[in-house]
Amino acid sequence: MENGAAQPVIVAIDGPSGTGKSSTSKAVAAQLGLSYLDTGAQYRAITWWMVTNGIDIDDPTAIAAVAGKPDIVSGTDPANPTITVDGTDVAAPIRTQEITSKVSAVSAVPEVRARITELQRSVAAGAEKGIVVEGRDIGTTVLPDADLKIFLTASAEARAARRSGELKGVDVHTTREALIRRDAADSSRKTSPLAKADDAVEVDTTELTLAQVIECVVTLVEEKRAAK
Ligand SMILES: Nc1ncnc2c1ncn2[C@@H]1O[C@H](COP(=O)(O)OP(=O)(O)O)[C@@H](O)[C@H]1O
Ligand SMILES: Nc1ccn([C@H]2C[C@H](O)[C@@H](COP(=O)(O)OP(=O)(O)O)O2)c(=O)n1
């Protein structure tokens, strides 16, 4: 590496629900002094706005017509990630089952994706030391020139067990079915589906602890940084 300040490093972490994207990305960003962006939270936030404003989420034309209206702001400190819509803190309401069940329909609308993708690129460009961005289409569409692309996977059983550990009172079977439905919707949409980029490193986390996944990604980032 040359003398002087380190070049910003851009890391894209994609994969389906429950593979460990958020936990891994936050920890990696915190350890390496990078910013962090949860793009799923942005899609949840725009879905929350649609629901709150009575937009019919089964009507893509109605969604497209207002996709530019909400002002979504993400705080990128991995120790305290925040998200607001028109100045309102929506960190809690975007995690309800209602929003989770509606987010795939809203995020499949091309006008929504165009709007959120633009936002994501401007956040990444503004991260002085670099950023870890997690989602479904970061390596393929949002930041195709990322320095490092990771695609996390895990069995449906492991993912459902992890998720139902968080959702008290919801059984593993129901969680597993909902998760498989959402994966199918996110993977089959026309615009920018959930997919592994050709140059992404695939990490199967089924048999790994979270600490092992974090260590693996930190090592890969450090190797990329050393080679820059
Ligand atoms: N490798 C792992 N082993 C066990 N539990 C994990 C692992 N990775 C993540 N978890 C747990 O699984 C849940 C979902 O992880 P999260 O990072 O939110 O996944 P994602 O962002 O991909 O949906 C969290 O409770 C997290 O602590
Ligand atoms: N880059 C992204 C990130 C999320 N989405 C959509 C599709 C996902 O089902 C929802 C919610 O994503 P989120 O990462 O919060 O979901 P999980 O926490 O992994 O269950 O947003 C997307 O379309 N593109």
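## From helix α1 through the core to the two ligands

Leaving aside neighbours up to four places away in sequence, Ser25 is in contact with Ile13, Tyr36, Val132 and Glu134. The model in which these contacts are found is a predicted one, and the values that follow are computed from it. Ser25 belongs to helix α1, and it counts as buried because 28 C-beta neighbours lie inside 10 Å, where 20 or more are needed for that label. Ten residues further along the chain comes Ser35, and the C-alpha atoms of Ser25 and Ser35 are separated by 9.6 Å.

Strand β1 offers a second point of entry, since Ala12 is found there. With 29 other C-beta atoms within 10 Å, Ala12 is buried, and, when residues up to four places away in sequence are not counted, Ala12 touches Val133, Ile138, Gly139, Leu143, Ala146 and Lys149. For a sense of distance across the model, Ala12 may be set against Ser187, which is 175 residues away in sequence and 18 Å away in space, C-alpha to C-alpha.

These surroundings lead to the question of how nonpolar residues are gathered. In soluble globular proteins, nonpolar side chains tend to be buried together. Here the largest nonpolar core holds 29 residues, of which Val11, Ile131, Val132, Val133, Leu143 and Ile150 touch the most other members. At least two residues of this core are supplied by each of β1 (9–14), α1 (21–32), β2 (35–38), β6 (130–135), α6 (138–142), β7 (148–153) and α9 (210–227), and the largest share, five residues, comes from β1. Ile131, again leaving aside neighbours within four places in sequence, is in contact with Ile10, Leu34, Ser35, Tyr36, Leu37, Thr76 and Ala124. Apart from this core lies another, of 19 residues, with Ala45, Met50, Val90 and Ala108 among them.

Strand β8 (residues 201–204) contains Val203, which counts as buried because it has 21 C-beta neighbours inside 10 Å. Beyond the residues up to four places away in sequence, Val203 touches Ile150, Leu152, Val213 and Cys216. Val203 and Ala154 are 49 residues apart in sequence, while their C-alpha atoms are 8.5 Å apart in space.

The packing of two helices can be followed in similar detail. The axes of α2 and α4 are 9 Å apart and form an angle of about 100°; since angles of 65 to 115 degrees count as roughly perpendicular, α2 and α4 are therefore roughly perpendicular to each other. On the α2 side the contact is made by Tyr43, Arg44, Ile46, Thr47, Trp48, Met50 and Val51, and on the α4 side by Glu98, Ile99, Lys102, Val103, Val106 and Ser107. By class, the residues of this contact divide into eight nonpolar, two polar and three charged.

The helices α2 and α4 also take part in the surroundings of ligand 2. Fifteen residues lie around this ligand, and Ser17, Gly40, Tyr43, Ser107 and Gly135 come nearest. The elements α2 (39–52), α4 (97–107) and α8 (172–188) each supply at least two residues of the shell, with the largest share, five residues, coming from α2. The shell around ligand 2 is made up of four nonpolar, six polar and five charged residues.

Ligand 1 is surrounded by 16 residues, the closest being Gly20, Lys21, Ser22, Ser23 and Arg162. Two or more residues of its shell are given by each of α1, α7 (156–166) and α9. By class, the shell around ligand 1 has three nonpolar, ten polar and three charged residues.

Two loop residues deserve a separate look for their backbone geometry. Asp86, found in the loop between β4 (82–85) and β5 (88–89), has a phi near 50°, a positive value in a residue other than glycine. Ser192, in the loop between α8 and β8, likewise has a phi near 50°, positive although the residue is not glycine. Is each of these residues buried or exposed? Asp86 counts as exposed because it has 12 C-beta neighbours inside 10 Å, whereas Ser192, with 20 such neighbours, counts as buried.

Methods
Residues are numbered from 1 along each chain as its sequence is written. Chains are lettered from A and ligands numbered from 1 in the order in which they are written. This is a predicted model: local features need pLDDT of at least 70, side-chain atom pairs count only at pLDDT 80 or more; totals for chains, interfaces and linings use all residues. A residue is near a molecule or strand if its C-beta atom, placed from the backbone, lies within 6 Å of it. Helices (H or I, at least four residues) and strands (E, at least two) are DSSP runs, numbered from the N terminus. Ala, Val, Leu, Ile, Met, Phe, Trp, Tyr, Cys and Pro count as nonpolar, Asp, Glu, Lys and Arg as charged, and the others, Gly among them, as polar. A nonpolar core is a set of buried Ala, Val, Leu, Ile, Met, Phe, Trp, Tyr and Cys residues joined through C-beta atoms within 7 Å. Two residues are in contact if their C-beta atoms, placed from the backbone, lie within 7 Å. Axes are lines fitted to C-alpha atoms, for helices over the stretch in contact, and angles run from 0 to 180 degrees between N-to-C directions. Angles under 35 degrees count as roughly parallel, over 145 as roughly antiparallel, 65 to 115 as roughly perpendicular and the rest as oblique.
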